[in-house]
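Trainee: I am new to this structure and would be grateful for a close look at a single part of it, the place where the ligand is held.

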Amino acid sequence: MPHEFVPGLEGVPIAKSAISFVDGLKGILEYRGIRIQHLAEHSTYEETAHLLLKGELPDPATLDAIIHDLAHHRRLESQIIELIKCLPEYGHPMDALQAAIAALGMFHPAKDVTDDARNFRACIRLIAKLPTIVSAYERFRNGAEILPPLDGLGHSANFLYMLTGEEPNPVSVNALDVCLILHADHTMNASTFSGRVTGSTLADPYTVVSSAVGTLAGPLHGGANEQVLDMLRDIGSVQHAESYIEEKMANKERIMGFGHRVYKTKDPRAIILRRLADQMTEEHGSTELYEIALKVDDVVTERLGAKGIYANVDFYSGIVYDALGIRPDAFTPIFAMGRVAGWLAHWLEQLIDNRIFRPTQIYAGEHDVQYIPTEQRGGNPR
Ligand code: ACO
């Protein structure tokens with residue numbers, strides 16, 4: 001049966017899913033039916049990860065068990081640490097993350113994906129270890145000693161500790177935790193689709209997550225928050241912000257951190273992050289970069305808001321990460337640390353009623369082309 005070609009599969013459903021829901025016109029995002037605002041305000045990343053994976057909030061004993069299991073799996077194998085040390089320090093942290101996750105799968109064979117309990121254990125192991133990998137590569141490329149996790153600290157606090165070597169303050173821990181919650185899932189985006197495609201071949205979860213990490217690495221997906229910071233630095237001062245944006249608009253250039261394929265109103269995650277950035281500046285004092293960001297938000301909203309273009313999650317997440325002292329090219333790995341729970345929830349869901357993805361194409365090439373032997377082919381002589 002002939003099908004219409006839909007570039008980018010825009011609007012084409014590829015799964016029935018009960019994990020997250022977006023209403024782009026009303027600005028609603030829910031995980032398992034719970035509004036993102038409530039989770040950002042009341043939940044923790046550990047609890048939200050359980051919600052996504054299991055479909056319900058954990059009772060107190062289950063939550064304790066999850067926290068315990070994450071702590072148990074947080075440490076990296078010494079060989080993975082050695083592998084990280086063999087990578088070039090000038091590489092991109094997303095490449096380091098993808099390589100380390102793929103290698104991790106070799107230490108924890110999970111080729112049989114038919115056992116629910118074993119699959120869940122693999123999910124916990126992956127969620128636990130991603131921050132340890134990200135912080136290990138970060139310290140290695142900065143020439144610092146790689147630190148093991150501290151058992152008494154929670155998920156977000158441990159990451160900040162492993163990154164800086166200091167126990168973080170509660171404002172910073174809450175800021176990172178909220179960022180991880182906000183990034184934990186977002187319906188059928190490119191990296192989630194990529195993970196589901198890989199999962200549909202019955203590949204193991206380490207391979208699933210490493211494919212999703214590779215897809216997230218592209219600038220049209222996870223890389224925009226890095227470019228937001230570049231743009232704000234390029235603007236340089238609040239006075240310059242308006243003319244900079246006008247020039248971009250006159251040249252028909254995209255303003256990084258604005259617009260969204262789904263949201264045609266304010267991205268609810270950006271609203272939460274802006275509030276968080278405000279709280280952080282109240283605590284630590286404002287920065288020129290933050291003042292520039294607020295001005296850019298005002299100018300773009302005034303000029304493009306009528307077209308449904310507003311700040312997206314990437315605009316303010318970069319600012320929060322910058323305030324936490326994190327380098328811009330480590331922003332996308334932190335996105336992955338949050339999104340891994342969503343990728344794995346989709347992997348588990350894909351396995352329930354799996355059918356391998358095998359789309360089709362509309363052939364646009366030639367037929368019956370004659371084979372010409374090498375020596376008879378034209379072209380420029382070397
Ligand atoms: N700056 C200026 N104009 C924009 C922007 C922007 N950031 N985004 C969209 N537009 C304009 C387009 O130029 C176009 O205008 P026209 O109708 O006059 O030609 C119109 O809005 C519609 O553009 P589309 O490309 O059709 O919008 P789409 O919904 O496909 O784009 C996208 C979504 C890719 C995210 C886009 O807004 C963009 O490139 N934004 C900047 C990059 C970015 O911030 N990416 C992160 C997205 S969030 C995430 O991945 C987690």
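Which atom in the side chain of Asn312 lies 3.0 Å from the ligand, and what kind of ligand atom is its partner?

Mentor: The model before you is a predicted one, and the values below are computed from it. In the side chain of Asn312, the atom concerned is an N or O atom, and its partner in the ligand, 3.0 Å away, is an oxygen atom. Overall, the protein covers 68% of the 940 Å² of accessible area that the ligand has on its own.

Two further side chains may be considered together with Asn312. Arg254 places a polar side-chain atom 2.9 Å from an oxygen atom of the ligand. Lys264 does likewise, with a polar side-chain atom at 3.0 Å from a ligand oxygen atom. Each of these pairs falls within the 3.5 Å limit used for a polar contact.

The surroundings can now be described as a whole. The ligand sits in the largest pocket, and 19 residues surround it. Arg254 appears again here, since the closest residues are Arg254, Ile255, Gly257, Phe258 and Arg261. By character, the shell around the ligand divides into eight nonpolar residues, five polar ones and six charged ones.

From the ligand we may turn to the backbone at Lys252. This residue is found in the loop between α12, which spans 238–250, and α13, which spans 268–284. Its phi angle is near 55 degrees, a positive value in a residue other than glycine. Lys252 is classed as exposed because its relative accessible area is 76%, and the class begins over 50%.

Asp368 offers a second example of such a backbone angle. Phi of Asp368 is near 50 degrees, again a positive value in a residue other than glycine. Asp368 belongs to the segment after α16, the helix that covers 331–352. With a relative accessible area of 79%, Asp368 is exposed.

Ser194 provides a last point of study. It lies in helix α9, made up of residues 190–200. Its relative accessible area is 15%, so Ser194 counts as buried, the limit for that class being under 20%. The side chain of Ser194 makes a polar contact with the side chain of Thr215, at 2.8 Å.

To return to your request, the ligand's oxygen atoms are the place to begin: one lies 3.0 Å from an N or O atom in the side chain of Asn312, and polar side-chain atoms of Arg254 and Lys264 also lie by ligand oxygen atoms, at 2.9 Å and 3.0 Å respectively.

Technical notes:
Residues are numbered from 1 along each chain as its sequence is written. This is a predicted model: local features need pLDDT of at least 70, side-chain atom pairs count only at pLDDT 80 or more; totals for chains, interfaces and linings use all residues. Side-chain values use heavy atoms; hydrogens and water are left out. A residue is near a molecule or strand if one of its heavy atoms lies within 4 Å of it. A polar contact is a pair of N or O atoms within 3.5 Å; within protein, one must be able to donate a hydrogen and the other to accept it, and residues adjacent in sequence count only if both atoms are side-chain atoms. Accessible areas come from the Shrake-Rupley method with a 1.4 Å probe; for residues, only the protein chains shown count as cover. On a 1 Å grid over the protein atoms alone, a cavity is a set of points where a 1.4 Å probe fits but cannot get out, and a pocket is an open set with protein on both sides within 12 Å along at least five of seven lines; lining residues have an atom within 4 Å of a point. A molecule sits in a cavity or pocket if more than half of its atoms lie within 2 Å of its grid points. Ala, Val, Leu, Ile, Met, Phe, Trp, Tyr, Cys and Pro count as nonpolar, Asp, Glu, Lys and Arg as charged, and the others, Gly among them, as polar. Helices (H or I, at least four residues) and strands (E, at least two) are DSSP runs, numbered from the N terminus. Buried means under 20% relative accessible area, exposed over 50%, partly exposed in between (1.4 Å probe, protein chains only).
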